[in-house]
Every structure is written in C-alpha cells, then in structure tokens.
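User: Here is a structure to go through. Please set each value against its definition.

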There are 2 protein chains.
Amino acid sequence: MVNIYSTTEEKIIAAAREVFIQKGMDGSRMQEIADRAEINKALLHYYFRNKDKLFTKVFEDVFSNVLEMFERIFSTETESLDAFIELFVTNYINLIRQKPFIVQFVLHELNQNPERVAGFIKSSKIDPGKIIALISKEPENSALQLLDPIHVMVNIMSMCIFPFLARPIIKEVLLSGSDEEFESFLDIRAGQVLAFVRLAIFNNNNPTP
Amino acid sequence: MVNIYSTTEEKIIAAAREVFIQKGMDGSRMQEIADRAEINKALLHYYFRNKDKLFTKVFEDVFSNVLEMFERIFSTETESLDAFIELFVTNYINLIRQKPFIVQFVLHELNQNPERVAGFIKSSKIDPGKIIALISKEPENSALQLLDPIHVMVNIMSMCIFPFLARPIIKEVLLSGSDEEFESFLDIRAGQVLAFVRLAIFNNNNPTP
DNA sequence: GTCTATAACCGGATAGAC
DNA sequence: GTCTATCCGGTTATAGAC
C-alpha cells in the first residue's frame, strides 16, 4: 500500500500507479485513486488538473525506469557479444521481475499511443544499432551468418519479456498452478534463455572466458 | 466494415469485435458499436442484455479461433519433434498475421480475468504435456539434455507472439518506420524462428528428412 | 424486431468555505 | 492545501410506440 510518510503528491502518484496498472486508463476511477491515497477527489484535481495529466505523469515515471536500465546496459562496455547478451538478459529479467507490472502497462500504452512510446525511446540514449553491429561482425564460422541480426535481437527480447505477459497461462497450463512453481520457473529463466541463445548462435553453452 | 447481407446479430457481433479490439472493454461505447452496426443502441440491448454479455460473446468467439488452431495442431500426428515445431511455428505465425488483433485482445483479457482464460484452455483438447513429452524423449546427444522442456516451449511461443505485441517498437526503433518493412520482417519471421530453434536444439539448421 | 425518447446513473471536474 | 457539496456531460439501460 501507500507509505503514510510520503508527501501528498507522492501518495497520489503511488496510488494512481497501482490503479492505472491494474485497470488501465479507461478502467480507472479518480475516486478509487483518491480513496487509495487517502485524500479526496478534489485534491487530485488540485495537484494534476485532470485524469489525462495524472496518467501521463504516472506513465512517464514508470517508463523512465525501463529506459534508464536500457541506457545503463547499452552504455556498458562489453568485451564480446556473448558478454553483452548475458548482461542484457540477466538485467532485463531481473528488472521486470522486480516490477512485473511494467510490461503490461507499457505494452498497453504502446498500442493505444504508439508514437508517444516510440518517441520516448528514440529520444533516449538507446542505440540498438550498436548491438545489431555487434551481432553482424561475429566471425564467419558462427551460426549468425544464417540469421538476421534484427531477428536475433527480437528473439532475445521476446524470450525475456513474454513469460511475464503470459504468466497466468504458464502458471495454470504449463505448470500446475502454484505461485511458488512460477517463481521457481523465473529463478532459472535467465539461465535457460542464455543457454538457448548460446546454443543457437555460438553452438555451445559456454560463457566467453 | 460490416457486411450488409448478414443478420442483425452478426452485424452487431462484427461491429462489437472491431470496437472492443481497438478500444478494450472499458474504452468502448455502446453508441459506437450501434453506429458501426448501423442500428440503434436499444437494439443492442435487445440482442445482448448488457455490455458485459456482449463483450463476453465477442471474446469467446475470438478466442475460440485460437483454440481451434491449437487443437488442430496438437491433434496432427507428426513423425518427429522437428516436424512438430515446424508445424507449430508456421501455423501459429500465420494465424496471428491474419488476425493480429487477437493477441492483444486475448492478452488484455488474460490479465483482467486470468481464471476465465486459463479455464477455456484447460477445457479444450489442448494437451501441452504431449509436446513436453516429445521434447523430453529427444536423444541424449541433443542439446535438449541441457534445457528444460517447459522453457523450450515458452521460448518458441514467445518468439512467435511477441513481435505482434511489440510491433510499433520493432517498426519504429529497429526497422526504419515503414509498414512495408515490417511486413518484410514478418515474411521471413517463421523461417528465422525455425532456424534459431533448430540451431539451439538440434545444433543444425536442417529439417528432418 | 426496430425505433424514439428518456430514465437512471456514474464519474470527471469545479466552486467555494476553511 | 484540503475539504464538502454540487454541477454537468456522457453512457448504460429501459419504456413503450410501431
């Protein structure tokens, strides 16, 4: 719930985040946000003139979390493609695991408002060209000569993100329904993805020495 | 748009599907559905007592599309794991490409109403155990001894579905923004996923003879 | 079955006191 | 800054004629 020691504005944002994430922009009610922030509705409008501005604020806060992590990863110097992929996969899965709601929230907004989200990414310091280049210059004996670097990039992202979106299906249908089992699934997820990718593109399962 | 030769009920469902898919349950207006079906609002309530019942009807129709395809795939006898994966990947990507809206729609409902969707799947003839078993009994020299079959299954599904969810990001950030380029991306997607999976689990890129 | 008109309600937003 | 009270537009849903 909402920390009672924070300022009113922080309480509002925290409450709004909870509600917006769970119900989406259209499904959320200003009344519910006010209740959860333990203030009244009028005060919401005092701090953020209307629902749309409040939503935008919350979205930008949440999305900047993702962007910062990406920027951190993309600006880390790595000695090899393998090292970069390891960095990417482990950090990404870790972040999402800590804040699983992010994925759904961003994806929903992505489809309501594609230009806005794409704009955010483009105006960040993230440069996917860097990895595409890294992948492209792998030695000729590697499997990467058969694969399009962009598809490889998409493959890696897919495997990191998708399980969090399909959580209920994985939990109920592939596993046997318990939360603990899904957590165990996540415990080994990064390792499994990494092994899968290494087998596909380096033909072995060894990290670069 | 809506076929003028269909019955009123069909027109309503077609119109409702368009609107619900684009705006979600909460974002949709009965008025817009009525306009698009070229009838008036009262008639909506005559055929489907309320918005919720109409939504449920539309969702069940759409979701049964996916289920039928899965059931078809899962009941096809294949001679090898490789053949099964090829069947799965190509059919799945094909279906989604024809009806890209399905993914987002199902995923949204999945998170609003996890039990319902999981229930649908469970009560279908789909048995993921069959593939898990197929994967598990691969020869000992295969890479599959290193990988958890469930994760392999999730990997394959992720790579098929995710691109349709992240479409705007792939289009704007990884490609250079044109729809044609995204379509070309999709043209080779099934082949790329298949090659990636084969490299990972069979150590080569050859279909079973 | 289909329509017009309207009831009933809900939710975002504002006025104005403190 | 925070509250109570209220307005007002929009949306679902129904009544009732044809």
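**Contacts and a helix**

Analyst: A phosphate oxygen of DNA strand C lies 3.3 Å from an N or O atom in the side chain of A:H45. This is a predicted model: local features need pLDDT of at least 70, side-chain atom pairs count only at pLDDT 80 or more, and totals for chains, interfaces and linings use all residues. Side-chain values use heavy atoms, with hydrogens and water left out.

User: What makes the A:H45 pair with a phosphate oxygen of DNA strand C a polar contact?

Analyst: A polar contact is a pair of N or O atoms within 3.5 Å; within protein, one must be able to donate a hydrogen and the other to accept it, and residues adjacent in sequence count only if both atoms are side-chain atoms. The A:H45 pair is at 3.3 Å, so it counts. A polar backbone atom of A:M30 is 3.0 Å from a phosphate oxygen of the strand.

User: Which residues are closest to DNA strand C?

Analyst: They are A:R29, A:M30, A:K51, B:N40 and B:Y47, among 15 that surround the strand. Near means that a heavy atom of the residue lies within 4 Å. Sugar and phosphate make up 59% of the strand atoms that come within 4 Å of the protein.

User: Why is α9(B) called largely enclosed?

Analyst: Buried means under 20% relative accessible area, exposed over 50%, partly exposed in between (1.4 Å probe, protein chains only). In α9(B), 17 of the 17 residues are buried, so the rest of the structure largely encloses this helix.

Note on methods: Residues numbered from 1 in each chain as written. Chains lettered and ligands numbered in written order. Helix = DSSP H or I, 4+ residues; strand = E, 2+ residues; numbered from the N terminus.
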